[in-house]
Amino acid sequence: MIMKIIYIVLGIISFTIGTIAIWIPGLPTTGFYVLTAILWSKSSPRLENWLHSNRYYIKYVDEAVFDRQLPLKGRIIIYLITASMMTIPFFTTDMLWLKLVLPLTSLTQITAMESYYRGYLWRDGVPFTKNIKRAYSEN
């Protein structure tokens, strides 16, 4: 019983941060919503069902991640915001290793997201997230 309460409280915190992150550039919304789904699925089927019917979860996780419906314009905005956030430490530090890692990190993000949205990350002819969603819905 105590673990259910801990999962619920941590899920509420994660959901709150994820919702606030919608309006704060550089803070990942989707990651917090996925964490919320994991925590609430361990605590209560009712909370899990509520989360899956929440409009923000549907938009930022279900449609954007599972259905790959994030348009190119939205992805470009994400890339620009992320790159602009990385320019702050890039121009304010003298550490050479950091100046090398930051552009590589940005390039890795763009490569990974575009590979996913363009269908390069498929398994058995199906995007890998469809397998995750299908396995999740069978339980």
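What share of the contacts in the chain with a separation of 6 or more comes from residues 24 or more positions apart? In this predicted model, such residues account for 57% of those contacts. Welcome to a chain with seven helices and two strands; here is a short tour of its overall layout, its aromatic rings and one of its helices.

**Overall layout**

- Following the sequence from start to end, you meet the elements in the pattern α-α-α-α-α-α-β-β-α.
- The chain has 139 residues, and 30% of them are buried.
- Its accessible surface comes to about 9,200 Å², and carbon and sulfur atoms contribute 70% of that area.

**Aromatic rings**

- A search of the whole structure turns up five aromatic pairs.
- One of the pairs joins Phe15 and Tyr33: the ring centres are 5.3 Å apart and the planes meet at 25 degrees, so this pair counts as stacked.
- Because Phe15 belongs to helix 1 (residues 2-20) and Tyr33 to helix 2 (residues 29-43), the pair ties together parts that are 18 residues apart in sequence.
- Both partners are buried: Phe15 has a relative accessible area of 14%, and for Tyr33 the value is 0%.
- Phe15 also pairs with Trp50, again with ring centres 5.3 Å apart; here the planes are at 65 degrees, so the arrangement is edge-to-face.
- That second pair links distant parts of the chain, since Phe15 sits in helix 1 and Trp50 in helix 3 (residues 45-53), 35 residues apart.
- Trp50 is partly exposed, with a relative accessible area of 41%.
- Together with Trp40, the residues Phe15, Tyr33 and Trp50 make up one aromatic cluster.

**A charge over a ring**

- Lys99 lies over the face of Phe90, at 5.3 Å from the ring centre.

**Helix 6**

- Helix 6 covers residues 96-117, which is 22 residues.
- From its first C-alpha to its last, helix 6 reaches 32 Å, close to the 32 Å expected at 1.5 Å a residue.
- An α-helix has 3.6 residues a turn, so residues three or four places apart point the same way.
- The buried residues of helix 6 include Leu98, Leu102, Ser106, Gln109 and Met113.
- Also buried in helix 6 are Glu114, Ser115, Tyr116 and Tyr117.
- After helix 6 comes Gly119, which has a positive phi, near 90 degrees.

How values were computed. Residues are numbered from 1 along each chain as its sequence is written. This is a predicted model: local features need pLDDT of at least 70, side-chain atom pairs count only at pLDDT 80 or more; totals for chains, interfaces and linings use all residues. Side-chain values use heavy atoms; hydrogens and water are left out. Helices (H or I, at least four residues) and strands (E, at least two) are DSSP runs, numbered from the N terminus. The expected span of a helix is 1.5 Å times one less than its number of residues. Buried means under 20% relative accessible area, exposed over 50%, partly exposed in between (1.4 Å probe, protein chains only). Contact means heavy atoms within 4.5 Å. Accessible areas come from the Shrake-Rupley method with a 1.4 Å probe; for residues, only the protein chains shown count as cover. Rings of Phe, Tyr and Trp (its six-membered ring) pair if their centres lie within 6.5 Å; planes under 30 degrees apart count as stacked, over 60 as edge-to-face and the rest as tilted. A charge sits over a ring if NZ of Lys or CZ of Arg is within 6 Å of the ring centre and within 35 degrees of the ring normal.
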